[in-house]
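Open your viewer, clear any old selections, and let us take a walk through this model together. Each stop tells you what to select and what you will find there.

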Amino acid sequence: MGRRERKKAATRQAIADAALRLFLERGYDEASIRDIADAADVSTTTVFKHFTGKEALVFDQDEDREAELTAAVRDRPAGQSIPDALRQHVLGTYLLVAAHPQAAEFISLVEATPALRAYGERMWTRHTGTLAAAIADEAGVECDNLA
């Protein structure tokens with residue numbers, strides 16, 4: 001990763017960190033995009049260059065998670081079944097997330113905020129579609145083949 005990409009990643013992480021801190025301190029609805037931009041020392045335009053909306057600030061690792069699910073299927077060791085590869089990936093990921101010091105606060109924030117619950121459901125539905133396509137590709141069948 002080059003310098004420019006590292007700076008972009010650092011800015012994105014600073015924005016996501018500021019957003020989560022403010023959401024946990026004030027509540028999701030009470031923290032504005034302007035507040036988040038100020039806390040991250042960026043403009044609101046910069047926030048929207050990195051995130052599609054306020055909900056996406058909470059689920060800042062969404063694209064990475066989707067790519068990791070697909071990679072768990074496509075890059076599994078020879079002879080490992082798809083369910084076993086996914087089980088191994090999910091357990092490994094879950095243990096890291098569950099061990100995070102803010103895990104309980106994060107879960108409470110999402111569960112207590114209807115907009116975040118809805119966004120999370122849409123996110124996982126999208127992941128399901130991407131994962132289904134990867135599984136179908138690995139199985140050599142069309143994506144709509146339920147078998």
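## Stop one: α5 against α8

Please begin by selecting helix α5, residues 62-74, and helix α8, residues 114-139: their axes lie 9 Å apart and the two pack at an angle of about 25°. Keep in mind along the way that this is a predicted model. With an angle under 35 degrees counting as roughly parallel, α5 and α8 are therefore roughly parallel to each other. Turn the view until one helix lies over the other, and you will find that α5 passes α8 in a right-handed crossing.

Now show the side chains. From α5, the residues in the contact are Asp62, Arg65, Glu66, Leu69, Thr70, Val73 and Arg74. They meet a list from α8 that includes Tyr119, Met123, Trp124, Arg126, His127, Thr130 and Leu131. Colour this contact of α5 with α8 by residue class and you get nine nonpolar, three polar and seven charged residues.

## Stop two: the other side of the α5 story

Keep α5 on screen and add α6, residues 82-99. Here the helices pack at about 145°, and their axes are 8 Å apart. The crossing of α5 and α6 is right-handed. On the α5 side, select Arg65, Glu68, Leu69, Ala72 and Val73; on the α6 side, select Ile82, Ala85, Leu86, His89 and Thr93. Sorted by class, the contact of α5 with α6 has six nonpolar, two polar and two charged residues.

Stay in α6 and centre on His89, which belongs to this helix. Is His89 buried or exposed? His89 has a relative accessible area of 19%, and since buried means under 20%, His89 counts as buried. Setting aside residues up to four places away in sequence, His89 touches Glu68, Leu69 and Ala72.

## Stop three: the nonpolar cores

Next, which residues have the most contacts inside the largest nonpolar core? Select Ile15, Phe23 and Leu57: these are the ones, in a core of 24 residues. Two or more residues of this core come from each of α1 (3-26), α2 (33-40), α4 (54-58), α7 (103-112) and α8. Of these, α1 gives the largest share, six residues.

Zoom in on Ile15 and bring up its surroundings. Beyond residues up to four places away in sequence, Ile15 touches Ile36, Ala40, Val42, Thr46, Val47, His50, Phe51 and Leu57. Another core, of seven residues, lies apart from the 24-residue one; among its members are Leu69, Val73, Ile82 and Leu86. As a general background note, nonpolar side chains in soluble globular proteins tend to be buried together.

## Stop four: α1 over α7

Select α1 and α7, whose axes come within 10 Å and cross at roughly 70°. That makes α1 roughly perpendicular to α7. Show Leu20, Phe23 and Leu24 in α1, and you will see them meet Glu105, Phe106 and Leu109 in α7. The contact of α1 with α7 holds five nonpolar residues, no polar ones and one charged.

## Stop five: Glu55

Move to helix α4 and pick Glu55. Glu55 is partly exposed, at 24% relative accessibility. Leave out the neighbours within four places in sequence, and Glu55 is in contact with Tyr28, Ala115, Leu116 and Tyr119. Try a distance label from Glu55 to Gly120: C-alpha to C-alpha they are 8.7 Å apart, while 65 residues separate them in sequence.

## Stop six: Asp41

Jump now to the loop between α2 and α3 (44-50), where Asp41 sits. Asp41 is exposed, with a relative accessible area of 71%. What is the phi of Asp41? Asp41 has a positive phi of about 60°, although it is not a glycine. For context, most residues other than glycine have a negative phi.

## Last stop: zoom out

Finally, show the whole chain as a cartoon. The protein has eight helices and zero strands, following the pattern α-α-α-α-α-α-α-α along the sequence. Taken along the principal axes, the C-alpha atoms fill a box of roughly 50 × 40 × 30 Å. Of the 147 residues, 31% are buried. Among contacts between residues at least 6 apart in sequence, 64% join residues at least 24 apart.

Note on methods
Residues numbered from 1 in each chain as written. Predicted model: local features only at pLDDT ≥ 70, side-chain atom pairs only at ≥ 80, totals over all residues. Heavy atoms only, no water. Axes fitted to C-alpha atoms, helices over the stretch in contact; angles between N-to-C directions. Helix = DSSP H or I, 4+ residues; strand = E, 2+ residues; numbered from the N terminus. Parallel < 35°, antiparallel > 145°, perpendicular 65-115°, else oblique. Left-handed = near helix turned anticlockwise from the far one by under 90°. Contact = heavy atoms within 4.5 Å. Nonpolar A, V, L, I, M, F, W, Y, C, P; charged D, E, K, R; others polar. Core = buried A, V, L, I, M, F, W, Y, C linked by side-chain atoms within 4.5 Å. Buried < 20%, exposed > 50% of the residue type's maximum accessible area, 1.4 Å probe, protein only.
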